[in-house]
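Biologist: I'd love to go through this model with you and ask how each label was earned. Shall we take the labels in turn?

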Amino acid sequence: MNPQFAPLDWLVVGLYVLVLLIGGWLFSRFKADDARDYFLAGRTIPAWLAAVSVLSATQSAATFLGAPDQGYRGDYSYLGAVLAPVLAAFFVAHVLIPRFYAMRATTVYELLEARFDARAKHWAGGMFLIGRVLAGGARVYLAAIAIAMVAFGSIDAQAIIFSAAAVMLVSFLFTFHGGLKSVIWNDLIQFVIYAGSAVAVLIFLRLSIPASNAELIAALSNTPDGVNKLRLLDFSTDLSKPFTVLAIFTGLFLLNVANAGLDQDTTQRLLASPDAKTGARGLIYSQLASVPLIAMFVTIGLLLYLFYNRPDLMGADNQAATSFAGEKITVFVHYILTQVPPGLRGLVTIGVTAAAVATTNSALNAMSSVMISDFYKPWRERRGEASPKHYVHAGRWGMALVGMAMFAMAVLSFYWQRHTDMPLLEFALQVMVFAYAGLLGVYFVAVFTARGSSGSVIAGLIAGFVTVFLLQPFVLGPTGLAFPYQLCIGTLASAIVTAIPRVRAA
């Protein structure tokens, strides 16, 4: 099949652009009168919409490309690992969210100001900014892979740079005017496109394999290599595997606590609800809804394995069922461009684009909210009063700054991921660990003990980041230590350092 876009594909893309333009015009009518309105949508977001927005932000291009990649390379163990975010959601809903609402916080890092002082809050906010630039840039890079293959037919450095720039520009324009309210309603539109395109390609892929369900199950349960690709839970104690049961109850649980409760990109949506119970429900709904979504993407990967590696199931006349000879990081996009018919090909392509836009514009707004609320506003107020509109304008400039930083990280991710040859999903999660380790250690001490001080918080944040860095194989760490266990070690180091002072600083 010709991998180039057909007129019908461009028609679908054109309709998507039209939806973006109409949505942008509608969202531009959302007026933000002050920083709280701009960054928290006036606390008017219902639980179901918060859930969709969280789901849209967390199930990004990393899931769209990474989960099929995980299924192609491995089995269903990544789906089994969804138990970790569900457990983490209940923990965050009952432990952290009520505390944030009791403080009427705009950012989650204000808890550290109440517990210690403003210096602790600033350092935690700074660690979030560093971590979100790393993670956000990595996600933009993953989306750029798909866009580059569509637009340029390759994934070399130049194509990735142009594609990443396009994602950042569209995301910035969508978020610029209306703030979080624009982001959340845009998330709903992008999620419908994102999920709908995945359902369509799953149905088409299944129909393209001329074998019965029983034959597919038999082929997946016992591959020529003797692997059971239908395995849901991996009880291995191998520390190089990131999605085992051991990892679920240790590092993956910690990772999702940090993502749901300590990462402003996610918690900002929950804080935009009218009260703590509504925000908590939104978080729990989002994690429960992620289960069928992730199952769908992993199943696509398993079917792609059969499509490209089991010609005996594809029929003698099917010339497409040859082993995939390209780069495995792009197996799903390769399938989209070479096997999916016109129209559907355009739909699936805009699906991954929608995932990228939804994730990126949320990250821009969240990082800007931390920059303005935790850094710029206190500095500005010490120099005199400023109008509420002043901070809205400052938030827009903040988004421009963090957008440039995320773009630079997307370019760096191209070289980083190629150097490590890490699967896409693991790479996207790995970069989140650097900042999360310090934040987790600090918050566990701040919430569950009376120990620590402003100085030890700063030292704990640094200790967590440095520990994870040292655990990388290219530094001092052992080869093959999976990211969940790096997070456990980094969190422990951070907590120990933070808890050294016996009494809370005055």
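Modeller: Gladly! Let's begin with what counts as a helix here: a DSSP run of H or I that is at least four residues long, with helices numbered from the N terminus. Asn256 has its place in such a run, helix α14, residues 251-262. Do keep in mind that this is a predicted model.

Biologist: Thanks. What makes Asn256 buried?

Modeller: Buried means under 20% relative accessible area. Asn256 has a relative accessible area of 18%, so Asn256 is buried.

Biologist: And which residues does Asn256 touch, leaving aside its neighbours within four places in sequence?

Modeller: Asn256 is in contact with Ala84, Pro85 and Ala88. Those three residues are also buried, and they belong to α6. From Asn256 to Val86, the C-alpha distance is 8.6 Å, although 170 residues separate them in sequence.

Biologist: Let's stay with α6, then. How do you know that the length of helix α6 agrees with its residue count?

Modeller: The expected span is 1.5 Å times one less than the number of residues. Helix α6 covers residues 83-95, which is 13 residues, so 18 Å should be spanned, and the end C-alpha atoms are indeed 18 Å apart. Besides the three just named, the buried residues of α6 include Val86, Ala89, Val92, Ala93 and Val95.

Biologist: Why is α6 called roughly antiparallel to α16?

Modeller: The two helices pack at an angle of about 180°, with their axes 9 Å apart. Angles over 145 degrees count as roughly antiparallel, and therefore α6 is roughly antiparallel to α16. On the α6 side the contact is made by Pro85, Val86, Ala89, Phe90, Val92 and Ala93, and on the α16 side by Ala280, Leu283, Ile284, Gln287 and Leu288. By class, these residues divide into 10 nonpolar, 1 polar and no charged.

Biologist: Gln287 appears in that contact. Is Gln287 buried or exposed, and how do you know?

Modeller: Gln287 is buried, because its relative accessible area is 9%, and the cut-off for buried is under 20%. Gln287 lies in helix α16, residues 276-309. Not counting residues up to four places away in sequence, Gln287 touches Val54, Pro85, Val86 and Ala89.

Biologist: What about Ile97: why does Ile97 count as buried?

Modeller: Ile97 has 2% relative accessibility, so Ile97 counts as buried. You'll find Ile97 in helix α7, residues 97-102. Beyond residues up to four places away in sequence, Ile97 touches Val92, Leu270, Ala276, Gly279, Ala280 and Leu283. Ile97 and Leu262 are 165 residues apart in sequence, with 9.9 Å between their C-alpha atoms.

Biologist: Why are α12 and α16 called roughly perpendicular?

Modeller: The axes of helix α12 (residues 213-221) and α16 cross at roughly 90° and come within 11 Å. The range for roughly perpendicular is 65 to 115 degrees, so α12 and α16 fit that label. Leu216, Ala219 and Leu220 of α12 meet Leu302, Leu303, Tyr305 and Leu306 of α16. The contact of α12 with α16 has 7 nonpolar, no polar and no charged residues.

Biologist: Now for α22 and α23. What makes α22 roughly antiparallel to α23?

Modeller: The axes of helix α22 (residues 454-470) and helix α23 (residues 483-498) cross at roughly 155° and come within 8 Å. Since the cut-off is over 145 degrees, α22 is therefore roughly antiparallel to α23. The crossing of α22 past α23 is right-handed. Among the residues making the contact are Val457, Leu461 and Thr467 of α22, and Ile489, Ala493 and Val497 of α23. By class, the contact of α22 with α23 has 8 nonpolar, 8 polar and no charged residues.

Biologist: How do you know that α22 has the span its residues should give?

Modeller: With 17 residues at 1.5 Å a residue, α22 should span 24 Å, and its end C-alpha atoms are 24 Å apart, so the values agree. Buried residues of α22 include Ser454, Ile458, Gly460 and Val468.

Biologist: And for the whole protein chain, how many helices and strands are there?

Modeller: The protein chain has 23 helices and 0 strands. Of its 506 residues, 61% count as buried. Among contacts with a separation of 6 or more, 83% join residues 24 or more positions apart.

How values were computed:
Residues numbered from 1 in each chain as written. Predicted model: local features only at pLDDT ≥ 70, side-chain atom pairs only at ≥ 80, totals over all residues. Heavy atoms only, no water. Buried < 20%, exposed > 50% of the residue type's maximum accessible area, 1.4 Å probe, protein only. Contact = heavy atoms within 4.5 Å. Axes fitted to C-alpha atoms, helices over the stretch in contact; angles between N-to-C directions. Parallel < 35°, antiparallel > 145°, perpendicular 65-115°, else oblique. Left-handed = near helix turned anticlockwise from the far one by under 90°. Nonpolar A, V, L, I, M, F, W, Y, C, P; charged D, E, K, R; others polar.
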